[in-house]
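Thanks for coming. I have one structure to go through today, and I will keep to the fold, the cores, the disulfides and the empty spaces. Please have a look at it first.

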Amino acid sequence: MQPLRQFLLLPLVAALALAEDNSIESMGVPRCGASLHDLSKAFRITLQANANCIWQIQRNENQNIRLIFSYFKFAPSSSCETESIKIYDGPSINSPLLGQVCNDTDAVPVLQSSSDSLTFLITTNSVAFTRSFFVSYYYFSPETKIENCGGQLTGPNGTFTSPNYPAPYPEFTYCIWHIQTAKNTKINLQFQDFFLELDQNCQFDFAAVYDGVTTNTGLIGKVCGRTQPTFESSSNVMTVVLSTDYANSYRGFSARYTSVPLPGPVEPNTSLTCSSDTMKIVLSKSYLASLGYRETQLQLSDPSCRPIVTDLVIFSFPLVSCGTIKKDDGQSITYTNIISVAATGNIITRQKSLQIIAKCKMENNSTVEVIYIAKNDIIQNTTAVGRYNVSMSFYDSDSFSKAVLQSPYYVDLNQTLFAQVSLQSTDPNLLVFIDTCIASPEPDFGSLTYDLVRSGCNKDDTVVTYPPLKHYGRFKFSAFRFLRSFPSVYLQCDILICDSNNANSRCTKGCISRQKRAISSYMWKTNTVVGPIRLKRDLRSADHSESLTKADAEETPHLQQYSFYILSFVVLISNIIVVVAVILKYHKRQAGYGYQKIQSSY
């Protein structure tokens, strides 16, 4: 029986709504602007291109005005700068601005004046399109309270109803319920019974549900008629609004909310790597999935640059491509690109917006890599450190076409040496400048040093610095050696890197004094080392010593063999002498003691 009753009621409700709609159309409100003095009014506004229309609401009442834009349709892709509704808290557009409604307004705008007058201005751009707005207002007393109209709900679950439920709700009702549950939970809201005035666009009576604490943004949905809708928040806060007009009241609603634990947070798991040539952004697919997005929805500032997708999503591209923006702020050079996520759906979305802002900042002897993840005004970032790729080499002539590869580099005293600093980068708008070069006999550049170039000024009479040439800095000088018999010379140069489009950068200043340098900025600074340099006579001395050592090494086995022969001969002679001595001694004994026969005593 209940379904049959609902089936019979729906045509009646629709007919009443149509009758109200037709009465609004026939109210004769001027098409572009009007001065309104009624206690309440509802009307539709239709405008074309290049409109600039003002409506003024004013009446001698000791009450405030509540103005509701329950439906608005601007030209597609219009911006707030070119097409909007501006509401002023007073009798003219010179009164304080109360609020603004435009194409990206994510709410049902309800504004309240502080007095008995209010003005709104609608401006449209030049696009040929029929704009449509439904506006209603009424005077009310802020002191007047409606029982059971709004409030704070803070338990883990609960119920609430519209005023007078299940009897018809009052006219000109505006109620706000704020629901807040425990941290790390979300809210599930279910309207168990719901019956508001039926209208296709919910222009007259409606309930609006917001994902958050305010009614200015985060609209999840707006409903009316006969239904049983459910809504879910993304956090532990939800706001519910009931707004009614002056006619066709029904029994309203009964709602129940419950809190649901949120899953454990998924770490962003993003990384950014910067070098002289490339920017590399790495995202995890699991992090994107936790936000409700797929890797196919990601795009750089230049959508034609696509990522490599494995278990990770990898954007790797040259610094000056894919829509990267370079900014020179006088102290550093920053390369910025943005990964945006296009939400699905042509009209509405239930997904949070997401922007990933990647910045490579080149400053003070390092590259600071910063990645920001902006999600509905929440910004997370990670940082890392890298360097420009700068090297220095010697060349065999002033054509700088053939680098000297040998190390140490053996030269003649006073020989002209050609040195070049090279920056490896894909950014063509960078300039290399040699600020300072010092020489030292030690690779750690200890206490003993000698200035070749200082603050862009040549300090040695033989130094000649070539004009800056994009990614190369070049100079030449005559070879020398340090006193006290130091064999080697090492060079260390401080290099400045500037934006070549900046005519006032340090790289264009040339030689400056120390006092003037203190107020001059540079974009990026690093140092590079080359060496050692040695004189060719040291090479000849080293070769001679090496030859002697080799001859000695070859002669040693012969000496050892000769010594062995001598020793053997000496031993042999000694043995012969010993044998001869023994024989001679034996013969001497035979001569001293002759044989004598013993005589008999008989």
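What follows is a walk through this chain, starting with the overall make-up and ending with the cavities.

First, a caution: this is a predicted model. Please keep that in mind for every distance and angle I quote.

The overall make-up, then. The chain has 602 residues, and 40% of them count as buried. In secondary structure there are four helices and 38 strands. As for contacts, take those with a separation of 6 or more: 70% of them are between residues 24 or more positions apart.

Now the interior. Which residues touch the most other members of the largest nonpolar core? They are Met279, Ile281, Phe394, Phe475 and Phe477, in a core of 51 residues. There is also a second, separate core of 36 residues, and its members include Tyr138, Tyr174, Cys175 and Cys224.

I will stay with Phe477 for a moment. If we set aside the neighbours within four places in sequence, phenylalanine 477 is in contact with Phe394, Gln415, Thr416, Leu417, Leu452, Thr462, Val463, Leu491 and Ile533. Phe394 therefore appears twice in this part of the talk, once as a contact of phenylalanine 477 and once among the residues of the core that touch the most other members.Next, the disulfides. How many does the structure hold? There are eight, and I will show three of them.

Cysteine 80 pairs with cysteine 102, with the sulfur atoms 1.9 Å apart. Cysteine 80 sits in the loop between strand 4 (64-73) and strand 5 (84-88), and cysteine 102 in the loop between strand 6 (97-101) and strand 7 (110-112). The two are 22 residues apart, and the pair links distant parts of the chain. The link is right-handed, with 50° about the S-S bond. Are the two ends buried or partly exposed? Cysteine 80 has 21% relative accessibility, so it counts as partly exposed. Cysteine 102 has 3%, so it counts as buried.

The next pair is cysteine 202 and cysteine 224, with an S to S distance of 2.2 Å. Cysteine 202 is in the loop between strand 13 (185-195) and strand 14 (206-210), while cysteine 224 is in the loop between strand 15 (219-223) and strand 16 (230-232). Here too the partners are 22 residues apart. This link is left-handed, at -80° about the S-S bond, and both cysteines, 202 and 224, are buried. Cys224 is also one of the residues of the second core.

The last pair on my list is cysteine 274 and cysteine 360, whose sulfur atoms are 1.8 Å apart. Cysteine 274 lies in strand 19 (residues 270-274) and cysteine 360 in strand 26 (residues 355-363), so the disulfide ties together parts that are 86 residues apart in sequence. Why is this disulfide called left-handed? Because the torsion about the S-S bond is about -75°. Cysteine 274 counts as buried because its relative accessibility is 6%, and cysteine 360 is buried at 0%.

One tryptophan before the empty spaces. Tryptophan 177 is in strand 12, and it is buried, with a relative accessible area of 2%. Methionine 238 is 61 residues away from tryptophan 177 in sequence, but their C-alpha atoms are 8.4 Å apart in space.

Strand 12 brings us to the second largest pocket. Its volume is about 420 Å³. The lining has 16 residues, and those closest to the centre are Arg66, Phe140, Thr144, Lys145 and Tyr174. Which element gives the most to this lining? Strand 12 (residues 174-180) does, with three residues. By class, the lining has eight nonpolar, six polar and two charged residues. Tyr174 is one of the residues closest to the centre of this pocket, and it is also listed in the second core.

Finally, the cavities. A search of the whole structure finds two of 30 Å³ or more. The largest holds about 90 Å³ of space. Its lining is made of 16 residues, with Ser136, Tyr138, Phe172, Thr244 and Asp245 nearest the centre. Strand 2 (40-47), strand 4 and strand 9 (131-140) are the elements that give two or more residues to that lining. The lining of this cavity divides into eight nonpolar, six polar and two charged residues. Tyr138, one of the residues nearest the centre of the cavity, is included in the second core as well.

That is the tour. I am happy to go back to any part of it.

Key: Residues numbered from 1 in each chain as written. Predicted model: local features only at pLDDT ≥ 70, side-chain atom pairs only at ≥ 80, totals over all residues. Heavy atoms only, no water. Core = buried A, V, L, I, M, F, W, Y, C linked by side-chain atoms within 4.5 Å. Buried < 20%, exposed > 50% of the residue type's maximum accessible area, 1.4 Å probe, protein only. Contact = heavy atoms within 4.5 Å. 1 Å grid on protein atoms, 1.4 Å probe; cavity = no way out; pocket = protein on both sides within 12 Å on 5 of 7 lines; lining within 4 Å. Points joined across faces, edges and corners; volume = space filled by probe spheres on them. Nonpolar A, V, L, I, M, F, W, Y, C, P; charged D, E, K, R; others polar. Disulfide = S-S within 2.5 Å.
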